[in-house]
Amino acid sequence: MPLTIDTFITAAQDAEWSEYMLLAALKHYHDDFNQNKLYPAISELIEVTALLESLIMQKENIEARLPKLIVGVDTMKNSLIYGKSSDLLPRNTVFEFIRFSLPLLKDILEEANAIYEFVDENIQIREVGIIPLYREEGYLFVPDLKKSLLHILRFELSLFTSSGEDMRILKTQQVKEIGEEDKDMNEVKIDLIRESPEMPNPATYLLETDLDFPFKETILPIAKRRLMSHLAA
């Protein structure tokens, strides 16, 4: 099962079970990364790690605002000894478990980030044919070297507003897949124009790579991110 905040909250009732679930999930993620499968594991790790760090920070901010208590007297210095009132609070099993978990999550996330950076460094986005001024809609060609296939995706870049901020989202839909051997990308683009004449000169891009990593779990998600960066440049 994927890691969620519930995995950590249940530590209040059964810390041993939560630890078992955590270690089982981490092993599953580690096995995926050993096979160069990044998604959805890396997204789940990033989300849950960020959430746990936020909870720890909020707890520390609250404790910092609590008043100080007099806990004793230093007779040598003739001064009072202060302690935090939070020290008198009952131990919280959930936060103890979160502090135990965070270093483990960060270690395996570092492993995932290393794979991501390696893939990102070994792919390129190349323009196919003439690129029009309107680039928010078109095609992306992504190879699957394991299966010797070329996936043809239609993409659309749309703008929406969330919390007062403009954000862009890339929508993709696979049109078809073809055998990759000896294909001229310009001819593939011309065939697409014939099939969809409403797009007489679509913005078309090819992802180039020599990596035969898993397509669905690694190559495709990173290809979409790279296209987003290319269109924003």
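Q: What makes strand the right word for the place of E137, and which strand is it?
A: E137 is placed in strand β4, residues 137-144. Strands are DSSP runs of E with at least two residues, helices are runs of H or I with at least four, and both are numbered from the N terminus. The model is a predicted one, in which local features need pLDDT of at least 70 and side-chain atom pairs count only at pLDDT 80 or more, while totals for chains, interfaces and linings use all residues. Residues are numbered from 1 along each chain as its sequence is written, and side-chain values use heavy atoms, with hydrogens and water left out.

Q: How many helices and strands does the chain have, and in what order do they run?
A: There are six helices and seven strands. From the N terminus the order is α-α-α-β-β-α-β-β-β-β-α-β-α.

Q: Why is E137 called buried, exposed or partly exposed?
A: Buried means under 20% relative accessible area, exposed means over 50%, and partly exposed lies in between, with a 1.4 Å probe and protein chains only. E137 has 24% relative accessibility, so E137 counts as partly exposed.

Q: What makes E137 and R154 a polar contact?
A: A polar contact is a pair of N or O atoms within 3.5 Å; within protein, one must be able to donate a hydrogen and the other to accept it, and residues adjacent in sequence count only if both atoms are side-chain atoms. The side chains of E137 and R154 are joined by such a contact at 3.3 Å.

Q: Which residues does E137 contact beyond its sequence neighbours?
A: Contact means heavy atoms within 4.5 Å. With neighbours within four places in sequence left aside, E137 is in contact with R154, F155, E156, M199 and A203. P202 is 65 residues from E137 in sequence, and their C-alpha atoms are 6.9 Å apart.

Q: How do you know whether S18 is buried or exposed?
A: The relative accessibility of S18 is 0%, so S18 counts as buried. S18 belongs to helix α2, residues 15-34. A polar atom of the S18 side chain lies 3.0 Å from the backbone nitrogen of A11. Apart from neighbours within four places in sequence, the contacts of S18 are T7, T10, A11 and F97.

Q: Why is T7 called buried or exposed, and what does T7 touch?
A: T7, in helix α1 (residues 5-9), has a relative accessibility of 10% and therefore counts as buried. Residues up to four places away not counted, T7 touches P2, S18, M21, L22 and F97.

Q: Which residues form an aromatic cluster, and what makes two rings a pair?
A: F8, F97 and F100 form one cluster, and a search of the whole structure finds five aromatic pairs. Rings of Phe, Tyr and Trp (its six-membered ring) pair if their centres lie within 6.5 Å; planes under 30 degrees apart count as stacked, over 60 as edge-to-face and the rest as tilted.

Q: What makes a set of residues a nonpolar core, and how many residues has the largest?
A: A nonpolar core is a set of buried Ala, Val, Leu, Ile, Met, Phe, Trp, Tyr and Cys residues joined through side-chain atoms within 4.5 Å. The largest has 49 residues, and Y29, F33, L38, L105, V142 and Y205 have the most contacts inside it. Elements giving two or more residues to this core include α2, α4 (93-121), β4 and α6 (215-232). Its largest share, 12 residues, comes from α4. Another core, of 11 residues, lies apart from it and has F141, L150, I152 and M185 among its members.

Q: Why is L26 called buried or exposed?
A: L26 has a relative accessible area of 10%, so L26 is buried. L26 is in helix α2. Neighbours within four places aside, L26 is in contact with L3, L45, L104, L105 and I108.

Q: How do you know whether the length of α6 agrees with its residue count?
A: The expected span of a helix is 1.5 Å times one less than its number of residues. For the 18 residues of α6 that gives 26 Å, and the end C-alpha atoms are 24 Å apart, which agrees. Buried residues in α6 include F215, I219, I222, R226 and L231.

Q: Why is K37 called buried, exposed or partly exposed?
A: The relative accessibility of K37 is 24%, so K37 counts as partly exposed. K37 lies in the loop between α2 and α3. Residues up to four places away not counted, K37 touches D32, P214, E217 and T218.
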